[in-house]
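Reader: I should like to understand how the terms used for a protein model are justified. Please show me the structure and explain them.

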Amino acid sequence: MSFDYNTTRSHLILSEYGRNVQNMVKYICELPTIEERNKYAQAVIDLMGFLQPHLRDVADFKHKLWDHLHIISGYKIDVDSPYPKPLEENAFIKPEPLAYPQQRITYKHYGKTVENLIEKAMREEDPEIKKAMVQSIANFMKMAYVTWNKDNVSDDTIIKDLKYLSGGLLSLDEGVNLAKVEFRAQNSRQNNNNNRGRSNNNNNNGKNRQNNNNNRQRNNNNKSKY
């Protein structure tokens, strides 16, 4: 008796499509006419799209499916593809590594984006637009600070940091109130216990009303006997 194990089978090229799709592609490669290959290739493309529905959110997902079809066939399938056939040597090209940014951030809890916004606000010439930009940047800085510190922060601290980051070129008007930001950690266990307590109270109240109604009915029956 012989058993069919995965270790004795051919290499599975793209495992996300499964071995049945790979066997179908192999069968298509052996068909004699281009008409038959095109017909069955389109059916396999539809099946591959059904097996990988997340590819529908990818730009040119049909193009990706056809590339995968060629890859599964070992770049040997001969069909009329609506897209250029991928080159086998491109599969072995490694992309250049991305360099890690070496930019210095003055206050890491605000991030580099705040510094870029401050530089853009300093270059703004329209006073009204500049004023609105400074207000928005200060509100964003307060939100970022609360996310980092988990506590309420005073507006004076944000105004001081904004002035320091801008080299004293940006400031807010006196008496300006920044947007109120609070961080509240939700205790899911406490909320569940409160919900259980409410449901238990509702059930107990319903039982008490039913018992009271039964007691009244018994009293009325006793009175009618006498």
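Author: The following turns set values against definitions. This is a predicted model, in which local features need pLDDT of at least 70, side-chain atom pairs count only at pLDDT 80 or more, and totals for chains, interfaces and linings use all residues. Residues are numbered from 1 along each chain as its sequence is written, and side-chain values use heavy atoms, with hydrogens and water left out.

Reader: What makes the pattern of the protein α-α-α-α-α-α-α?

Author: Helices (H or I, at least four residues) and strands (E, at least two) are DSSP runs, numbered from the N terminus. The protein has seven helices and zero strands, and therefore the pattern along the sequence is α-α-α-α-α-α-α.

Reader: Why is the set with Tyr110 and Ile118 called a nonpolar core?

Author: A nonpolar core consists of buried Ala, Val, Leu, Ile, Met, Phe, Trp, Tyr and Cys residues joined through side-chain atoms within 4.5 Å, where buried means under 20% relative accessible area (1.4 Å probe, protein chains only). The largest such core has 18 residues, and those with the most contacts inside it include Tyr110, Ile118, Met141 and Leu162. Helix H5 gives the most to this core, with seven residues. Apart from it lies another core, of 17 residues, among them Val21 and Trp66.

Reader: How do you know that Leu162 is in contact with Leu170?

Author: Contact means heavy atoms within 4.5 Å. Leaving aside neighbours within four places in sequence, Leu162 is in contact with residues including Val134, Ala138, Leu170 and Leu172.

Reader: How many of the residues are buried?

Author: Of the 226 residues of the protein, 24% count as buried.

Definitions and conventions. Buried < 20%, exposed > 50% of the residue type's maximum accessible area, 1.4 Å probe, protein only.
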